[in-house]
Amino acid sequence: MAEKLVIIGAGMASGRMLEHLFETDPGRYDVTLFGAEPRGNYNRIMLSPVLAGEKRYEDIITHDADWYAANNVNCRFGQTVTKIDREAKSVFADGVETPYDRLVIATGSAPFILPIPGKDLPGVRAFRDLDDVEAMVAVAEKPDAKAVVIGGGLLGLEAAAALRGRGMEVVVLHLAGHLMERQLDAAAGYLLRRELEGRGIKVHCKAQTKAILGTDRVEAVALDDGTIYPADLIVMAAGIRPETRLATDAGIEINRGIVVSDAMVTSDPDILALGECVEHNGAVYGLVAPLYDMAKVAAKTLTGMAAAFKPVQTATQLKVTGVSLYSAGDFAEADDREEIVLRDATAGIYKRVVLRDNRILGAVLYGDTADGSWFFDLLKRGTDIAQMRDTLIYGQSYSGGASADPLAAVAALPAEAEICGCNGVCKGTIANAINSKGLTSLDDVRAHTKASASCGSCTGLVEKLLMATLGDKYNPAAIQPMCNCTELGHDEVRRLIVAQELKSIPAVMQELGWKTSCGCAKCRPALNYYLVANWPGEYEDDGQSRFINERVHANIQKDGTYSVVPRMFGGLTTANELRAIADVADKFDVPTIKVTGGQRIDLLGIKKEDLPAVWADLNKAGMMSGAAYAKGLRTVKTCVGSDWCRFGTQDSTGLGVRIEKFMWGSWTPAKLKLAVSGCPRNCAEATCKDIGVICVDSGYEIHFGGAAGLDIKGTEVLCHAKTEDEAMEIIAALTQLYREQGRYLERIYKWAKRVGSDSIKANVVEDLGKRRQLFERFVYSQKFAQVDPWEERVNGRDAHEFAAMADFQMLQAAE
């Protein structure tokens, strides 16, 4: 019979412990998990990006409800344990008693609130959890809001930068002489202060806070020197204290924290503790790497395995967008130490390495932190650097005196070298996962190891490790920047557009630090698509950011003329439509009329200035643009189906027409072609389309991810639909998921290969709630997409695009 394991605290430390426990001995315990917050484990390290608007809460969830359910965890979120009865071996929460065989205390830490007048006024917040973030965001949304952050350490500065990014006036009060004095020397502290003040954040060091002023809520902060700073929000970031009250009341040994052995066992052999609430050999810990080491040890202890927690050196990075800062070890001055310093005032770079007996004791890097992990590894290993001393400060690539291959430098790192400090992932773990699980992309590594999945500062190192491990098999396209205008890739740009609610191309370029003033032919069309897709009804399509064919809504030919393809829904047409096409061909001397592979008619050789008149005549016959040029829905090819064919099982033509009438006008990352075949004989060639439907006696087989161009690929079966309505919902949801996840110019089959068929099926087939949400988002976007661009231009829109040169010059003169 399974033992009862009760855990108090649903944070990162206990979450990591559960992961190890379920991997090692999944059936050993019936787990009950208490959490004071009304939610499960999320990555608190990433609260700063959430506060800044760069991420959403959903982006930082570590364990969702499905994960807890799959591991049979009894979740008691929003319930605070108030008592531990060691004699009865039970805990109490909301008056309910829960027994345990083993108990784990992971209560974390409590913020230190300065004991000054006014500390309990509304508007005073700590920065510890999502509730704090939501409260701060609510204040930041008020016009002309002011914030004072008390504490210029890691947490305080991340809060200050985030609030400033939301438009607040921000003052940072810090007791010491320079910012982050525990992690930085005075020189780096100066550079950091200069950077923050350049962003509009006022920094007041040597500030002794006297009182918080206000009647019904905070109004200002008063300092000992008489300075008063107005404030609508005060963030207390002056430190943390281990949360030990439960353990104290239960009679468990306490010092600064809950005292634990090497095996993470408290003074009660049936009770373990880990995380920020514990004290081990006189030390308490607040960084995530040692907490994750504790989690591994605690899991082994719970499964009866011998394990011992051994403290290791930790490094610090500031998670403020655009600020590169790295600190590790001991960098205090002393007579038995020497230092090597590199400054580049123009580039804003400062590097300092502290040595004793030719071994690194500490390092501070500002502006260029690429070599942080290398310095840190030398520090932890106690490497003698005598042979590289003259070039040490220039980093790993020059450690031999001349520039070296950066991939060779990464390959030279030992397996135990830490790559991701946020999640405590070493090089060996990543390399093993790449080799054993066939990982080929940064997204794969993030999903399987969590490396680079938090603050992202180790992304470059992870990418180099991918290159070094896979060699020629590695395809860097997935992690390449969008273009030379930015260092960001497509996925990161798209995520930030949503997180920061950027709704124009200039806003994207400004807020995401574009290197060029207006972008280029690679990034502007991509940005235009991402904005159209993410903000339907709010962002107005920028025609000048589209390629020529999409800009003039016709395909340019090699002689400079254009082809015109009117839409024929499902490949159906009428005698009137054919007469109109024939009349246009005669009237405008169209030299070539061609039936297309998508079951339409193409008029080739039309002059640019004649396009609006051609469209006007076709519009009068009820015809609209066939979008044969679009990064969007092109055609829905059909066979005649059960209405005419002896073998037809369903009305494939009717379904194809219905799909095309529902989906026309929608923009997608790349062209989108569909087909509906009335039986498995597949006359409409549905099994090589982006999305295909094969009609069968029992309904409709939905396929996706085919290709029949430069690449040849058959489709994969997504699922079976019983009715037309169900098939419509599935197809629209699949298209919407592709619209939201696909990179610009990435066809469906390439997107599917990148994200994985299982992921697509999980969203579109297995989770009916998500499928419905995707469908509804597609329906909403179509309210704004279904406008015939031909009709718009017939009525005068973008007239300059179609004017002959002389007319164009007259238009310019008139303007």
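## Touring a predicted model

Modeller: Alanine 670 sits in the loop that runs between helix H20 (652-663) and strand E33 (672-677). Bear in mind, as we look around, that this is a predicted model.

Biologist: Good to know! Is alanine 670 buried or exposed?

Modeller: Residues count as buried under 20% relative accessible area. Alanine 670 has a relative accessibility of 4%, so this residue counts as buried.

Biologist: Which residues does alanine 670 touch, leaving out those up to four places away in sequence?

Modeller: One partner is far along the chain: arginine 747 is 77 residues away, yet the two C-alpha atoms are separated by 5.4 Å. With residues up to four places away in sequence left out, alanine 670 touches Lys631, Gly632, Tyr738, Leu745, Glu746 and Arg747.

Biologist: Let's step back to the whole protein. What radius of gyration does the protein have, and how does that fit a compact globule?

Modeller: The C-alpha trace spans about 95 × 70 × 65 Å along its principal axes. For 815 residues, a compact globule would have a radius of gyration near 28 Å, and the value for this protein agrees with that: 31 Å.

Biologist: How many helices and strands are there, and what share of the residues count as buried?

Modeller: The secondary structure comes to 26 helices and 38 strands. Among contacts with a separation of 6 or more, 62% join residues 24 or more positions apart. Of the 815 residues, the share that count as buried is 51%.

Biologist: Which residues touch the most other members in the largest nonpolar core?

Modeller: In soluble globular proteins, nonpolar side chains tend to be buried together. Here the largest nonpolar core has 88 residues, and the ones touching the most other members are Leu51, Leu163, Met168, Leu192, Leu392 and Ile430.

Biologist: How many residues are in the other core that lies apart from it?

Modeller: That other core includes Ala106, Ile252, Leu274 and Ala295. Its number of residues is 48.

Biologist: Why is helix H9 largely enclosed by the rest of the structure, and which elements do its buried residues pack against?

Modeller: Helix H9 covers residues 372-381, and 8 of its 10 residues are buried, so the helix is largely enclosed by the rest of the structure. Among those buried residues are Trp374, Phe375 and Phe376. They pack against strand E21 (315-317), strand E22 (325-329), strand E24 (349-356), strand E25 (359-366), strand E26 (418-420) and helix H13 (459-470).

Biologist: What phi does glycine 382 take?

Modeller: Glycine 382 comes just after H9. Its phi is positive, at about 65°.

Biologist: Which residues does threonine 244 touch, again leaving out those up to four places away in sequence?

Modeller: Threonine 244 is in the loop between strand E17 (240-242) and helix H7 (245-249). This residue is buried, with a relative accessible area of 13%. Beyond four places in sequence, threonine 244 touches Ile254, Arg256, Gly257, Ile258 and Cys277.

Biologist: One last stop, aspartate 336. What is its relative accessible area?

Modeller: Aspartate 336 lies in the loop between E22 and strand E23 (338-344). Not counting residues up to four places away in sequence, aspartate 336 touches Leu355 and Arg356. The residue is partly exposed, and its relative accessible area is 44%.

How values were computed: Residues are numbered from 1 along each chain as its sequence is written. This is a predicted model: local features need pLDDT of at least 70, side-chain atom pairs count only at pLDDT 80 or more; totals for chains, interfaces and linings use all residues. Side-chain values use heavy atoms; hydrogens and water are left out. Helices (H or I, at least four residues) and strands (E, at least two) are DSSP runs, numbered from the N terminus. The radius of gyration is taken over C-alpha atoms; the globule rule is 2.2 Å times the number of residues to the power 0.38. Buried means under 20% relative accessible area, exposed over 50%, partly exposed in between (1.4 Å probe, protein chains only). Contact means heavy atoms within 4.5 Å. A nonpolar core is a set of buried Ala, Val, Leu, Ile, Met, Phe, Trp, Tyr and Cys residues joined through side-chain atoms within 4.5 Å.
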